[in-house]
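Got your viewer open? Let's take a walk through this fold, one selection at a time.

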Amino acid sequence: MIGSGNYIIHANWCGHCVKLMNSIKNYSTVGNNYLFGKANVAAFEENDLKNARTKKIFGGYQFSGFPTILRLSEDGKRFEEFRGERTHDNLIEFFNKKFNGGKKRRRN
């Protein structure tokens, strides 16, 4: 299913985003995809939210700030947002755990 997986939405002007992305980039990378704790993570910059591929993935998800760390369910219908302290271990746990529910996507 298109879009299922782990995502980081960030802005290049946001200090918290820069710090987070610098630590994530220490791991294997191909383009905007990172292997973090054996979990694939795709990163999108704030302006990427306007392109067609990104709109198809996020389908109207309301972003409240940057960075936003999300997991999309395998059926592509629900998001779970990371709300914990952004430590290495907490991120790895979030990216690797089974999807636990979350907000339903709104249709555009």
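**Start at the hairpin**

This is a predicted model. Select strands S5 and S6 to begin: they make a hairpin with five residues between them, and Gly76 in the turn carries a positive phi of about 75 degrees. S6 covers residues 78-81 and pairs with S5 in the antiparallel sense through three bridges. Click on Leu72 and you'll find Phe79 as its bridge partner in S6.

**Along S5**

Now stay on S5 (68-72). Is this strand buried or exposed on its two faces? Both faces are covered, with Thr68, Leu70 and Leu72 buried on one side and Ile69 and Arg71 buried on the other. Five of the five residues are buried, so S5 is largely enclosed by the rest of the structure.

Next, add S1 (residues 5-10), which runs antiparallel to S5 and is joined to it by five bridges. Here Ile8 stands opposite Ile69.

**Into the core**

Keep Ile8 and Ile69 selected and add Leu91 and Phe95: of the 14 residues in the largest nonpolar core, these four touch the most other members. H1 (15-24), S3, S4 and H3 (88-96) each supply at least two residues of this core. Show what surrounds Ile8 and its contacts include Leu20, Val41, Phe44, Pro67 and Phe95.

**Two backbone stops**

Jump to Pro67, in the loop between H2 (52-58) and S5. The peptide bond from Phe66 to Pro67 is cis, with omega near -10 degrees.

Finally, select Lys38, in the loop between S3 (33-36) and S4 (39-45). Lys38 isn't a glycine, yet its phi is positive, near 65 degrees. At 78% relative accessibility, Lys38 counts as exposed.

How values were computed:
Residues are numbered from 1 along each chain as its sequence is written. This is a predicted model: local features need pLDDT of at least 70, side-chain atom pairs count only at pLDDT 80 or more; totals for chains, interfaces and linings use all residues. Side-chain values use heavy atoms; hydrogens and water are left out. Helices (H or I, at least four residues) and strands (E, at least two) are DSSP runs, numbered from the N terminus. Buried means under 20% relative accessible area, exposed over 50%, partly exposed in between (1.4 Å probe, protein chains only). A nonpolar core is a set of buried Ala, Val, Leu, Ile, Met, Phe, Trp, Tyr and Cys residues joined through side-chain atoms within 4.5 Å. Contact means heavy atoms within 4.5 Å. Two strands pair if DSSP finds at least two bridges between them. Lists of a residue's contacts leave out its neighbours within four places in sequence.
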